[in-house]
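Please read the following model with an eye to how its strands are arranged, how its cysteines are placed and what surrounds one of its pockets.

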Amino acid sequence: MKEDFIFSEFPEVSAKAWKQKIQVDLKGADYNQALVWESLEGIAVKPFYHAEDTAQIPAFSLPQKHSWSIGQRIYVTTEKTANEKANDVIGRGAENICFAISNASINWSALFDGIDLNNIAIYLHLDFLDIRPIHELLPIFEGVQKQCFLSVDIIGNFARTGNWFYNKEKDHQILEELIALCNAQPGINILSVDASLYQNAGANSVQQLAYALAHANEYLNHFTDNPSKAIHGSIPITFKVSIGNNYFFEIAKLRALRWLWQSLAVSYDFKNECHIIAQPGKRNKTIYDYNVNMLRTTSECMSAVLGGANTVVNLTYDALYQKDNEFGERIARNQLLLLKEESYFDEALRAAEGSYYIESLTKQLAEKALELFKQIEATGGFLSQLKNGSIQKKIKENAAKEQALFDTGDLVLLGTNTFQNADDCMKENLEIYPFTKMDKRKTQIEPILEKRLAEALEQKRLNDE
């Protein structure tokens with residue numbers, strides 16, 4: 001039966017007609033004041049969206065063969081324990097493994113022992129910059145079908161710590177050598193942009209997108225100024241993104257990131273898609289009434305999937321105050337397994353496509369982020385603005401606005417600034433320090449610091465216990 005026949009007896013209703021009907025039902029109340037709200041990004045969110053809102057928007061869709069995988073983060077203390085844990089969680093449903101490594105003297109063979117690298121993608125978060133371990137790594141992945149993501153981000157380290165690993169020149173020189181190595185071996189992806197820092201520090205969605213794009217552009221500019229340093233056009237760049245609690249905005253944010261990357265990549269004659277690894281952010285997580293964190297991360301993982309993340313790594317409900325533990329990690333992994341296997345998010349990952357609201361949000365976020373990106377480039381670029389403190393200042397300003405909404409109760413964290421459980425005590429449960437740490441050391445720039453909304457309130461409650 002043709003669609004025209006099914007709907008032929010229903011007249012089309014314009015957006016204007018819908019708005020008029022709503023205004024009648026409001027009985028004199030102002031439409032804009034009653035039903036339209038403005039986000040921290042300056043986007044006016046309407047009570048309904050219509051086909052007219054997307055009439056002039058170019059079609060955007062995920063890559064044709066797009067899929068998402070369940071990732072699990074493992075901190076490497078010793079190769080043996082990390083390897084045993086990796087093999088265990090793979091048997092329990094993890095599809096990709098994200099190793100966090102702080103020691104450059106790593107035995108790769110011991111770390112990957114028993115792991116089927118043809119079926120399991122590996123992410124390596126390296127807290128060091130050294131070419132020797134990468135030389136030793138490459139033979140292991142020769143001819144391997146799945147990819148290895150090295151996640152080297154010297155600019156991200158500079159923004160997070162306030163210092164280069166060594167200095168600007170040496171950091172870039174080592175990165176150039178790593179790029180040359182990895183260009184010669186398919187399946188090894190070197191470049192990464194850690195955009196999660198900006199969300200966790202309090203940047204809004206437009207800022208996160210613009211800073212991620214400007215951050216990536218610093219690498220592209222550096223490696224295309226000199227043909228001998230060129231990045232192979234088929235090597236993707238990896239974006240690490242934190243997901244917040246504004247469900248539809250977060251879906252649109254990831255879609256806008258892909259759209260913006262496509263626009264930037266064309267300028268450099270890149271033909272590759274960006275690769276996104278997403279994890280729930282920490283900014284809205286709490287130590288009191290911590291089980292609510294499971295609800296928050298479930299919603300955020302859903303946003304990540306529908307937004308188009310390639311790999312989703314969940315955050316455990318107790319990550320703020322407890323060391324890694326089997327129970328918390330099993331719950332976090334099972335949340336993703338339930339989404340994929342029981343809720344059919346593996347098949348419904350394109351459900352956001354065609355939604356008038358999400359398509360409109362995607363366009364507005366992309367346009368605003370592109371405008372901010374152009375402003376950053378016109379004033380010297382991302383590194384220049386990091387050095388003069390402009391990026392840090394803008395993030396702080398938005399974080400302060402968000403904090404004010406939390407402090408007044410307009411931004412609700414259930415169990416923390418509303419409906420507190422007076423009997424909830426946490427002082428004896430803190431295995432790790434859950435608050436922002438201020439290291440007293442000399443830095444070249446002011447580092448961008450992650451800070452949760454509930455920190456001041458939680459410190460007061462801990463003192464009152």
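In this predicted model, strand β5, spanning residues 121-126, is mostly covered, with 5 of its 6 residues counted as buried. On one hand β5 pairs with strand β4 (residues 96-101) in the parallel sense over 6 bridges, and within this pairing cysteine 98 stands opposite tyrosine 123 of β5. Strand β5 is also joined by 2 bridges to strand β6 (residues 148-152), again running parallel, and here tyrosine 123 stands opposite phenylalanine 149 of β6. Together with helix α6, which covers residues 131-137, β5 and β6 make a right-handed β-α-β unit.

Cysteine 98 returns when one turns to the sulfur atoms. The structure holds 0 disulfides, and cysteine 301 is accordingly in none, the nearest cysteine sulfur being that of cysteine 98, 13 Å away. Cysteine 301 counts as buried, at 1% relative accessibility, whereas cysteine 425 is partly exposed, with a relative accessible area of 47%.

A further feature to inspect is the second largest pocket, whose volume is about 560 Å³. Of the 25 residues that line this pocket, Leu40, Asn245, Asn246, Glu402 and Leu411 are the closest to its centre. At least two lining residues come from each of β1 (37-38), α10 (205-224), α11 (247-267) and α16 (390-408), and α16 gives the most, with 3 residues. Sorted by class, the lining of the second largest pocket comprises 11 polar, 8 nonpolar and 6 charged residues.

Definitions and conventions:
Residues are numbered from 1 along each chain as its sequence is written. This is a predicted model: local features need pLDDT of at least 70, side-chain atom pairs count only at pLDDT 80 or more; totals for chains, interfaces and linings use all residues. Side-chain values use heavy atoms; hydrogens and water are left out. On a 1 Å grid over the protein atoms alone, a cavity is a set of points where a 1.4 Å probe fits but cannot get out, and a pocket is an open set with protein on both sides within 12 Å along at least five of seven lines; lining residues have an atom within 4 Å of a point. Grid points are joined across faces, edges and corners, and a volume is the space filled by probe spheres set on the points. Helices (H or I, at least four residues) and strands (E, at least two) are DSSP runs, numbered from the N terminus. Ala, Val, Leu, Ile, Met, Phe, Trp, Tyr, Cys and Pro count as nonpolar, Asp, Glu, Lys and Arg as charged, and the others, Gly among them, as polar. A disulfide is a pair of cysteine sulfur atoms within 2.5 Å. Buried means under 20% relative accessible area, exposed over 50%, partly exposed in between (1.4 Å probe, protein chains only). Two strands pair if DSSP finds at least two bridges between them. A crossover is right-handed if, with the strands pointing away from the viewer, the path from the first strand over the helix to the second runs clockwise.
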